[in-house]
Amino acid sequence: MNGVGLKNLRDAGCEDLVDFRGDYSHKILPELHCSRVTLDFAYVDSTKLFDVVLVDVYYIIRMLWFAEF
């Protein structure tokens, strides 16, 4: 939507609360996991293809679990 979501975050003063990555989730999530990133919350606007969603769920769960230890 031409960056309107990021603009709204900026206008609301919440831009620093969001780590926006403008690439495919199946590329970004493994990189984040290898960097030992932990998550409290994740929103992924991804494709509905089963294999891609499965990869997303795998990595998000692992990064959420790391936050517990």
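## Contacts along the chain

Among contacts in the chain between residues at least 6 apart in sequence, what percentage join residues at least 24 apart? The figure is 62%. Keep in mind as you look around that this is a predicted model.

## The overall picture

Let's start with the whole chain. It has three helices and zero strands, so the order of elements from the N terminus on is α-α-α, given that helices and strands are taken as DSSP runs numbered from that end. If you follow the C-alpha trace along its principal axes, you will find that it spans about 35 × 30 × 15 Å.

The chain has 69 residues, and 19% of them count as buried. Its accessible surface comes to about 5800 Å², and carbon and sulfur atoms account for 59% of that surface. As for charge, there are 7 positive and 11 negative side chains. The centres of these two sets lie 3 Å apart.

## Helix H1

Helix H1 covers residues 4-11, and two of its residues are worth a visit. Lysine 7 lies in this helix. Its relative accessibility is 41%, so lysine 7 counts as partly exposed. Now look for threonine 38, which is 31 residues from lysine 7 along the chain. The C-alpha atoms of lysine 7 and threonine 38 are separated by 26 Å.

Leucine 9 also has its place in helix H1. With a relative accessible area of 26%, leucine 9 is partly exposed. Which residues does leucine 9 contact, leaving aside its neighbours within four places in sequence? They are Cys14, Glu15 and Val18.

## From the loop into helix H2

Between H1 and H2 there is a loop, and tyrosine 24 is found in it. Is tyrosine 24 buried or exposed? Its relative accessible area is 54%, and the cut-off for exposed is over 50%, so tyrosine 24 is exposed. Tyrosine 24 and valine 44 are 20 residues apart in sequence, while their C-alpha atoms are 9.5 Å apart in space.

One step along the chain, serine 25 belongs to helix H2, which holds residues 25-34. Serine 25 has a relative accessibility of 13%; buried means under 20%, so this residue counts as buried. When neighbours within four places in sequence are left aside, serine 25 is in contact with Pro30, Val44, Ser46, Val52 and Asp56. Valine 44 therefore appears twice in this part of the tour, as a contact of serine 25 and as the partner in the tyrosine 24 distance.The buried residues of H2 are Ser25, Ile28, Leu29, Pro30, Leu32 and His33. Pro30 is thus on two lists, as a buried residue of H2 and as a contact of serine 25.

## After helix H2

H2 is followed by arginine 36, which sits in the loop between H2 and helix H3, residues 50-66. The phi of arginine 36 is near 65 degrees, a positive value in a residue other than glycine. Is arginine 36 buried or exposed? At 59% relative accessibility, arginine 36 counts as exposed.

## Cysteines and aromatic rings

How many disulfides are there? The count is zero. Cysteine 14 has a relative accessible area of 27% and is partly exposed, whereas cysteine 34, at 67%, is exposed.

For the aromatic rings, the count comes to one pair. Its members are tyrosine 58 and tyrosine 59, arranged edge-to-face. The ring centres are 5.0 Å apart, and the planes make an angle of 85 degrees. Tyrosine 58 has a relative accessibility of 45%, so it counts as partly exposed.

Terms used:
Residues are numbered from 1 along each chain as its sequence is written. This is a predicted model: local features need pLDDT of at least 70, side-chain atom pairs count only at pLDDT 80 or more; totals for chains, interfaces and linings use all residues. Side-chain values use heavy atoms; hydrogens and water are left out. Helices (H or I, at least four residues) and strands (E, at least two) are DSSP runs, numbered from the N terminus. Buried means under 20% relative accessible area, exposed over 50%, partly exposed in between (1.4 Å probe, protein chains only). Contact means heavy atoms within 4.5 Å. Accessible areas come from the Shrake-Rupley method with a 1.4 Å probe; for residues, only the protein chains shown count as cover. Lys and Arg count as positive and Asp and Glu as negative; His and the chain ends are not counted. The place of a charge is taken as NZ of Lys, CZ of Arg, CG of Asp or CD of Glu. Rings of Phe, Tyr and Trp (its six-membered ring) pair if their centres lie within 6.5 Å; planes under 30 degrees apart count as stacked, over 60 as edge-to-face and the rest as tilted. A disulfide is a pair of cysteine sulfur atoms within 2.5 Å.
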